[in-house]
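Visitor: Before I rely on any label, I would like to hear how it was reached. Could you take me through the reasoning step by step?

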Amino acid sequence: MDAATKGFKEEVTKELGKSHVKFDTQNAQGDSSTATTICNNFASENEDLILGKKLNFAGHLAFVVIGAIIYYIVYTLVLWLKMNPNMMKLFTAIIVALFLAVPYLRSRAKNSFAKAGKNARKGA
């Protein structure tokens with residue numbers, strides 16, 4: 001638990017009393033569809049107070065640096081394979097499309113497994 005969450009919980013508990021406070025901690029793990037589901041659940045349950053957090057600047061900067069390193073590795077791989085350097089734009093577009101498709105495909109797979117499990121329980 002990070003300092004912001006810990007401080008939030010301590011202050012709310014101190015202010016309202018332990019018997020009047022219930023914490024439901026959920027984490028979307030960076031998945032926007034999961035974050036939407038969590039928000040909708042909180043809204044439907046009429047929660048009184050919600051704390052939402054995002055990555056700080058250092059977290060975003062780390063992802064930018066990792067992305068640059070991956071791009072450099074891919075660029076080196078293309079040149080090592082003696083591919084035409086003019087094809088780099090096409091190769092870059094394919095890589096970007098794959099990275100954009102991964103979250104969508106993960107959510108589709110998660111939903112299909114959930115539906116299969118629900119259908120299996122209905123049949124049993």
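Guide: What follows is a set of questions about the labels used for this predicted model, each answered by setting a value against its cut-off.

Visitor: What makes up the chain, in terms of helices and strands?

Guide: The chain contains 4 helices and 0 strands, and its pattern along the sequence reads α-α-α-α. Of its 124 residues, 10% are buried, and the chain exposes about 10,700 Å², of which carbon and sulfur atoms supply 64%. Among contacts with a separation of 6 or more, 28% join residues that are 24 or more positions apart.

Visitor: How do you know that the end-to-end span of helix 3 agrees with what its 24 residues should give?

Guide: Helix 3 covers residues 57-80, and at 1.5 Å a residue its expected span is 34 Å; because its end C-alpha atoms are 34 Å apart, the two values agree. Within helix 3, the residues G59, V74 and V78 are buried, a label that calls for a relative accessible area under 20%.

Visitor: Why is K82 called exposed?

Guide: The relative accessibility of K82 is 74%, and the label exposed applies over 50%, so K82 counts as exposed. K82 lies in the loop between helix 3 and helix 4, just after helix 3.

Visitor: What is notable about the phi of K82?

Guide: Phi of K82 is positive, near 55 degrees, in a residue other than glycine.

Visitor: Why is P85 called partly exposed?

Guide: The relative accessible area of P85 is 49%, and partly exposed is the class between the 20% and 50% cut-offs, so P85 is partly exposed. P85 is also in the loop between helix 3 and helix 4, the latter being residues 88-123. Its C-alpha is 9.1 Å from the C-alpha of Y75, with the two positions 10 residues apart in sequence numbering.

Visitor: How do you know which class S33 belongs to, and where is S33 placed?

Guide: S33 has a relative accessible area of 32%, which again falls between the 20% and 50% cut-offs, and therefore S33 is partly exposed. S33 is in helix 2, which runs over residues 32-44. S33 and P103 are 70 residues apart in sequence, while their C-alpha atoms are 8.9 Å apart in space.

Visitor: What makes a residue part of the lining of the second largest pocket, and which residues are in that lining?

Guide: A lining residue has an atom within 4 Å of a point of the pocket, and for the second largest pocket these residues are G67, I70, Y71, V74, T92, I95, V96, F99 and L100. The pocket holds about 200 Å³ of space. Helix 3 and helix 4 each supply at least two residues of this lining, and helix 4 gives the most, with 5 residues. V74, one of the lining residues, is also among the buried residues of helix 3.

Visitor: How many residues of each class are in that lining?

Guide: The lining of the second largest pocket has 7 nonpolar and 2 polar residues, and no charged residues. Gly counts as polar under the classes used here, so G67 of the lining belongs with the polar residues.

Technical notes
Residues are numbered from 1 along each chain as its sequence is written. This is a predicted model: local features need pLDDT of at least 70, side-chain atom pairs count only at pLDDT 80 or more; totals for chains, interfaces and linings use all residues. Side-chain values use heavy atoms; hydrogens and water are left out. Buried means under 20% relative accessible area, exposed over 50%, partly exposed in between (1.4 Å probe, protein chains only). Contact means heavy atoms within 4.5 Å. Accessible areas come from the Shrake-Rupley method with a 1.4 Å probe; for residues, only the protein chains shown count as cover. The expected span of a helix is 1.5 Å times one less than its number of residues. On a 1 Å grid over the protein atoms alone, a cavity is a set of points where a 1.4 Å probe fits but cannot get out, and a pocket is an open set with protein on both sides within 12 Å along at least five of seven lines; lining residues have an atom within 4 Å of a point. Grid points are joined across faces, edges and corners, and a volume is the space filled by probe spheres set on the points.
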